[in-house]
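Trainee: Got a minute to go through this one with me?

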Number of protein chains: 2
Amino acid sequence: MKFCTKENCTVNEETNGVRSKRPANATLDGFDRKILGALVEEAGLSYARIGERVGLSAPAVFERVKRLRSAGVIGSVSARLDGESVGKPLLAFVHVDTTGWGKSERLMRMREFPEVEEMHSVAGDTGMILKVRTQGPQALEHLLLQLYVIPGVTASRSYVVLSTYLDRPVQADVTLDWPKHPLPEE
Amino acid sequence: MKFCTKENCTVNEETNGVRSKRPANATLDGFDRKILGALVEEAGLSYARIGERVGLSAPAVFERVKRLRSAGVIGSVSARLDGESVGKPLLAFVHVDTTGWGKSERLMRMREFPEVEEMHSVAGDTGMILKVRTQGPQALEHLLLQLYVIPGVTASRSYVVLSTYLDRPVQADVTLDWPKHPLPEE
DNA sequence: CTTGAAAGCTTGCTTCA
DNA sequence: TGAAGCAAGCTTTCAAG
């Protein structure tokens, strides 16, 4: 707890009961970033192992991870499944055009389909982008049918994924020394 | 849950977009799907807890998870980070148009940027879709600049995300009784 | 932040249906 | 073949320094 001042950090950090509702902007230090990097890459590593990788004791890592979780930096820890193996080989991005403004309650209900993995309103020549993963073309059609029933939806364009060359979680970017950046050389 | 037995467990980023060798089609039964559902929702649940949730003993769950991992159904287990908290509040989807065919070695090098999270070739009025998460507009511009240096890249359209209404991992779809599906009712 | 220690977990081995 | 029972050796996690 390096940002404890003398006033607010008297004896022990019993911050457990009190969940700080801050946007969690307390700057992450190098240790935090290394820990996050390890956890993104391979959650389920023991605290001891992470500790020896970043140069901290197991309880220290434990405390920091706890803090990072309650601060919302770590949202959840989850298994990443293979789409094909779970019977959903077809991945597609669907652009949805709407009249008026896009965020209708009706459109939000599309989230109830487990095939819909992401839903973002965007700036550009469409209003909303959906990432959907289905069993096949027919299931995608089923989804699109549901879309067109929604009032205000005027058009959709589906981009069916042919090959996925990269798919990874949000990176912790241990090297955050902007704007220097490793350029892919010739 | 430790898979690194030695301290020399050095890991490269290449394991993130890993493609499993086998389709791993051994049919998943109800237990498998329930276990997967639990692990997607909350990896790091103890096997004992999962066991009592799905009606199996801890060692039985352990065996099945091991099998699911080596079959490639579970690709990896990772922490999901909050983009803003790690200093990358700007999310965008970038459509890349190319002459000839898209999968150039040169384009693949874009994967080396930690800001690039996904890269798919698609069918539709563009050739490739990138999902990128950057510190801000300037960092996005930097990335686009790198794109346009690549021979064969003729155009790009960036869809900057304004709001994210849903963002979740591949779902295990416990109810896979197709094509019956819960329709979002009026 | 570190050390030390108790409770609980993972996980290989063996036994049982 | 696959699940339950057991037991050793870790891990988590709470004290206290």
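Mentor: Sure. One convention up front: helices (H or I, at least four residues) and strands (E, at least two) are DSSP runs, numbered from the N terminus. This is a predicted model, where local features need pLDDT of at least 70 and side-chain atom pairs count only at pLDDT 80 or more, while totals for chains, interfaces and linings use all residues. Residues are numbered from 1 along each chain as its sequence is written, chains are lettered from A and ligands numbered from 1 in the order in which they are written, and side-chain values use heavy atoms, with hydrogens and water left out.

Trainee: OK, loops then. Where does B:G55 lie?

Mentor: In chain B, B:G55 sits in the loop between α2 and α3. It comes after α2(B), and its phi is positive, near 85°.

Trainee: And is B:G55 buried or exposed?

Mentor: B:G55 counts as exposed because its relative accessibility is 51%. The cut-offs are under 20% relative accessible area for buried and over 50% for exposed, with partly exposed in between (1.4 Å probe, protein chains only). As for distances, the C-alpha atoms of B:G55 and B:F31 are 8.4 Å apart, with the two positions 24 residues apart along the chain.

Trainee: Which residues of α2 in chain B are buried?

Mentor: That helix covers residues 47–54, and B:I50, B:G51 and B:V54 are the buried ones. Looking down the axis of α2(B), they fall within an arc of 105°, so they line one face of the helix. The arc is taken from the directions from the helix axis to the C-beta atoms.

Trainee: What's on the face turned away from the buried side of α2(B)?

Mentor: Exposed residues, B:R49 and B:E52. The buried residues of α2(B) pack against α1 (30–41) and α3 (58–70) of chain B; contact here means heavy atoms within 4.5 Å.

Trainee: Switching to the DNA. Which residues surround strand D?

Mentor: From chain A, there are A:S46, A:Y47, A:R49, A:P59 and A:F62. Chain B adds B:S57, B:P59, B:A60 and B:R64. A residue is near a molecule or strand if one of its heavy atoms lies within 4 Å of it. Of the atoms of DNA strand D that come within 4 Å of the protein, sugar and phosphate account for 86%.

Trainee: Which element gives the most to that surface?

Mentor: α3(B), with 3 residues. At least two residues each come from α3 of chain B and from α2 (47–54) and α3 (58–70) of chain A. By type, the surface near DNA strand D splits into 5 nonpolar, 2 polar and 2 charged residues. In that scheme Ala, Val, Leu, Ile, Met, Phe, Trp, Tyr, Cys and Pro are nonpolar, Asp, Glu, Lys and Arg are charged, and the others, Gly among them, are polar.

Trainee: How about the phosphate oxygens?

Mentor: One lies 2.5 Å from an N or O atom in the side chain of B:S57. For the side chain of B:R64, the distance from a phosphate oxygen to an N or O atom is 2.6 Å. With A:Y47 the partner is a polar backbone atom, 3.0 Å from a phosphate oxygen. A polar contact is a pair of N or O atoms within 3.5 Å; within protein, one must be able to donate a hydrogen and the other to accept it, and residues adjacent in sequence count only if both atoms are side-chain atoms.

Trainee: Got it. Away from the DNA, what does B:D97 join side chains with?

Mentor: B:T126, through a polar contact of 2.6 Å. B:D97 is in strand β2 (residues 90–98) of chain B, and it counts as buried because its relative accessibility is 15%. Setting aside neighbours within four places in sequence, its contacts include B:D125, B:G152 and B:R157.

Trainee: Last topic, chain A overall. How many helices and strands?

Mentor: Chain A has 5 helices and 5 strands, in the order α-α-α-β-β-α-β-β-α-β from the N terminus on. The domain assignment gives domain 1 (30–71) and domain 2 (84–160), with bounds that come from an automatic or database assignment.

Trainee: How far apart are the C-alpha centres of the two domains?

Mentor: In chain A they lie 37 Å apart. For a residue pair, take A:F31 and A:S104: their C-alpha atoms are separated by 42 Å. A:F31 is in helix α1 (residues 30–41) of chain A, while A:S104 is in the loop between β2 (90–98) and α4 (105–108).
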